[in-house]
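Me: Could you go through the helix packing in this one with me? I'll ask as we go along.

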Amino acid sequence: MRSSSRPAVTAGSARERRRAVLTLFVLAPVLGEVLGASLRLSYFIQPLRVVAIVCFYGAGVVLIREIAQRWRLSVWGIVLLGCAFALIEEGLALQTIFNPVGMDGAPVFGNALGVNWFWAAVVSGYHVVWSVLLPIAVVHLVFPRGSRVPWLSRWSAGVLAVVFACGTALFVAISLLRSDFRLPLGYGVATIVVAAGLVWASTRCRDNGRVVRTGRAPKPTVVVLFSVVAGTVWFVLFLAAFIGGPISFVWWTVGALTFAAAVALLLRRWVRREWTPRHQLALCFGTGLSAALFGLLLVALDGHLANIVFQCVVVAALIAAYLWMRRRLSSSNG
């Protein structure tokens, strides 16, 4: 049983904490945008877009992780903060949750009362898992000794808050430049209120540090396969938000939320068993692999050779990183 109190952050760990912060700052945009080909090689000639992504994702995820540690939040608390993160990006900044044709002119399926409900559910789930939970979990595996302590001073947290605000402002500028849609004031205020409510609700999800282990968790191989399949299903829903279908968007939305809840509950059950870092690594790898393969599909359909080659390199790098981490965990346990 783990103590509910946080261990003190010693001066001797300052260098490791800086490395962990830098790693998470870089890894968040890589896993959140590059892995799934939202940021492709051909997009790197757009400096405004690249800087916005790095500032928003890097600073935002580091701040979410810091808030979670200082407020002693459970995973559910981080999920709620991730939902707020998604609303700020996709609702306030890029405004894709409200724009009926998205930013690229493609009609979004299921717009009602000025809101793309199905897209809001799918894109929020994407950001919660791939933009927030995945990079934090990976960095905690790389830096296990500092996984239960805050990493930032008040000054550095303030700096990152400014960087995050700059990233948000750049996203707003990109949205204004790429689309004629203008978010109505009432919808903007409502989004801020909902995001603030999610942040408040996250404070009610405290981590008491008590986990009762019951039974054996499945083998890491099973966890990899499960996470690949679950991630692939979510990306199919991602495409359905633009393709649509004969079924009402209401049922698509309910189905997506039900699927997410079922996956979360099953993982919660597994984690309460003999869950080890190797299981966590397997979960991270399978989740990341589903995004990387989806990104490969997107660039293949696009037909840009440089992007295809780059995405193949991304997939290969992901596999190599997994094998390196698995060997590292095996040697540490041995």
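Reply: Before any pair is described, one convention is needed: the axes are lines fitted to C-alpha atoms, for helices over the stretch in contact, and the angles run from 0 to 180 degrees between N-to-C directions. Please also keep in mind that this is a predicted model.

Me: OK, how do helix 3 and helix 6 cross, and how close do their axes come?

Reply: The axes of helix 3 and helix 6, the latter covering residues 185-202, come within 8 Å and cross at roughly 165 degrees. Since angles over 145 count as roughly antiparallel, helix 3 and helix 6 are therefore roughly antiparallel to each other, and helix 3 passes helix 6 in a left-handed crossing.

Me: Which residues meet there?

Reply: From helix 3 the contact takes in Gly77, Leu80, Leu81, Cys83, Ala84, Leu87, Gly91 and Leu92, and these meet Gly188, Thr191, Ile192, Val194, Ala195, Leu198, Val199, Ala201 and Ser202 of helix 6. Sorted by class, the contact of helix 3 with helix 6 has 12 nonpolar and 5 polar residues, with no charged ones.

Me: Where does helix 3 bend, and what comes after it?

Reply: Helix 3 bends by about 25 degrees at Leu87, a residue that also belongs to the contact with helix 6. After helix 3 comes Gln95, whose phi is positive, near 65 degrees.

Me: What about its length, what span should it have?

Reply: At 1.5 Å a residue, the 19 residues of helix 3 (residues 75-93) should span 27 Å, and the end C-alpha atoms are 26 Å apart, which agrees.

Me: And helix 9, what span is expected there?

Reply: For helix 9, the 26 residues from 277-302 should span 38 Å at 1.5 Å a residue, and its end C-alpha atoms are 37 Å apart, which agrees. Helix 9 is followed by Gly303, which has a positive phi, near 85 degrees.

Me: Back to helix 3: at what angle does it pack on helix 2, and is that crossing left-handed or right-handed?

Reply: Helix 2 (residues 47-70) and helix 3 pack at an angle of about 150 degrees, with their axes 10 Å apart, and they are therefore roughly antiparallel to each other. The crossing of helix 2 and helix 3 is right-handed. On the helix 2 side, Phe56, Tyr57, Gly60, Val61, Ile64, Ile67 and Ala68 meet Ile78, Leu81, Phe85, Ile88 and Glu89 of helix 3, and the residues of this contact divide into 10 nonpolar, 1 polar and 1 charged.

Me: Now helix 7 and helix 8, what's the geometry?

Reply: The axes of helix 7 (residues 220-243) and helix 8 (residues 249-271) come within 11 Å and cross at roughly 165 degrees, so helix 7 and helix 8 are roughly antiparallel to each other. Their crossing is left-handed. Among the helix 7 residues in the contact are Phe226 and Trp234, while the helix 8 residues include Trp252, Phe259 and Trp270; by class, the contact has 15 nonpolar residues and no polar or charged ones.

Me: Last thing, which residues does Val138 touch beyond its neighbours within four places in sequence?

Reply: Val138, which lies in helix 4 (residues 117-142), is then in contact with Leu27, Leu31 and Cys284. The C-alpha atoms of Val138 and Trp151, 13 residues apart along the chain, are separated by 16 Å.

Methods
Residues numbered from 1 in each chain as written. Predicted model: local features only at pLDDT ≥ 70, side-chain atom pairs only at ≥ 80, totals over all residues. Heavy atoms only, no water. Helix = DSSP H or I, 4+ residues; strand = E, 2+ residues; numbered from the N terminus. Parallel < 35°, antiparallel > 145°, perpendicular 65-115°, else oblique. Left-handed = near helix turned anticlockwise from the far one by under 90°. Contact = heavy atoms within 4.5 Å. Nonpolar A, V, L, I, M, F, W, Y, C, P; charged D, E, K, R; others polar. Expected span 1.5 Å × (residues − 1). Bend = angle between axes of the 7 residues up to and from the residue.
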